[in-house]
Amino acid sequence: MSKKKKIILISVFIIILITITAISVNGVLNIPKTDEESVRKANLEATQEALEKKEQFAKDGRNIASVENYVEEDFSEEELQRIEAQKQEMETKEQKIKDIMNRYYPEEFNKAVQAVENDNKGITSMQNDKLSDSQIRLYDLVLKVLEEENLNDEDANVLKTFIIDTKWEISKDESLSARAEKVLSE
């Protein structure tokens, strides 16, 4: 073989090798087209996919909410009567507390109760380590009546029961907690 033929053969081999490498690199890398039409099409597909995911998420959320809102349990007649009796008992206790407090601090007490109710309309956390100002004001008024007013035994017991029932909450404030301990020990 002549020197010329060897150079031509090696050149052809190199060209074939470069061509194969270029084709395989393009196939592996899958270089996207970057012309304006391809970019617009890709953006449209991405937007459509995002809208479908959003719609599915909203649909799933709606299903969860509707299931949670309409879960009903069947109660026996006896259970319903017991629940109604407990509800009645709680309403009676609340009314007694309101009556007692309205004898001494009607305006302040009603404002404090309203403020606590307004605070509780939002999301509340059981893990709060601090009482809100409205809660402090409410408990302060109840303790003030127990400390300063000459209550009969029945009224004092109603308010003390309220303090006992809310002791876990009152304990978040050292000052109120100390006052509550003192009142309950008397």
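This passage walks through the fold, the nonpolar core, an aromatic pair and a surface patch of one chain. The model is predicted, with local features requiring pLDDT of at least 70 and side-chain atom pairs counted only at pLDDT 80 or more, whereas totals for chains, interfaces and linings use all residues. Residues are numbered from 1 along each chain as its sequence is written, and side-chain values use heavy atoms, leaving out hydrogens and water.

The chain contains eight helices and zero strands, where helices (H or I, at least four residues) and strands (E, at least two) are DSSP runs numbered from the N terminus. Along the sequence this gives the pattern α-α-α-α-α-α-α-α. Among contacts (heavy atoms within 4.5 Å) with a separation of 6 or more, 60% join residues 24 or more positions apart. Of the 186 residues, 19% are buried; buried means under 20% relative accessible area, exposed means over 50%, and partly exposed lies in between, with a 1.4 Å probe and protein chains only. The accessible surface comes to about 15200 Å², and carbon and sulfur atoms hold 55% of that area (Shrake-Rupley method, 1.4 Å probe; for residues, only the protein chains shown count as cover).

Turning to the interior, the largest nonpolar core has 26 residues. Such a core is a set of buried Ala, Val, Leu, Ile, Met, Phe, Trp, Tyr and Cys residues joined through side-chain atoms within 4.5 Å. Met101, Leu146, Leu159 and Ile163 touch the most other members. Two or more residues come from each of helices H3 (77–104), H4 (106–119), H5, H6 and H8 (174–185), with H5 giving the largest share, seven residues. Setting aside residues up to four places away in sequence, Leu146 touches Leu151, Ala156, Leu159, Lys160, Ile163 and Val183.

The structure also holds one aromatic pair. The ring centres of Tyr139 and Phe162 are 6.1 Å apart and the planes meet at 40°, so the pair is tilted. Rings of Phe, Tyr and Trp (its six-membered ring) pair if their centres lie within 6.5 Å; planes under 30 degrees apart are stacked, over 60 edge-to-face, and the rest tilted. Because Tyr139 sits in helix H5 (residues 133–148) and Phe162 in helix H6 (residues 153–165), the pair ties together parts 23 residues apart in sequence. Both Tyr139 and Phe162 are buried.

On the outside, Ile8, Val12, Ile16 and Ile20 make a nonpolar surface patch of about 370 Å². Val12, one of these residues, belongs to helix H1 (residues 3–29) and is partly exposed because its relative accessibility is 42%.

Key: Patch = residues over 30% accessible without salt bridge, like charges linked within 9 Å, V, L, I, M, F, W, Y side chains within 5 Å. Salt bridge = Lys/Arg side-chain N within 4 Å of Asp/Glu carboxyl O.
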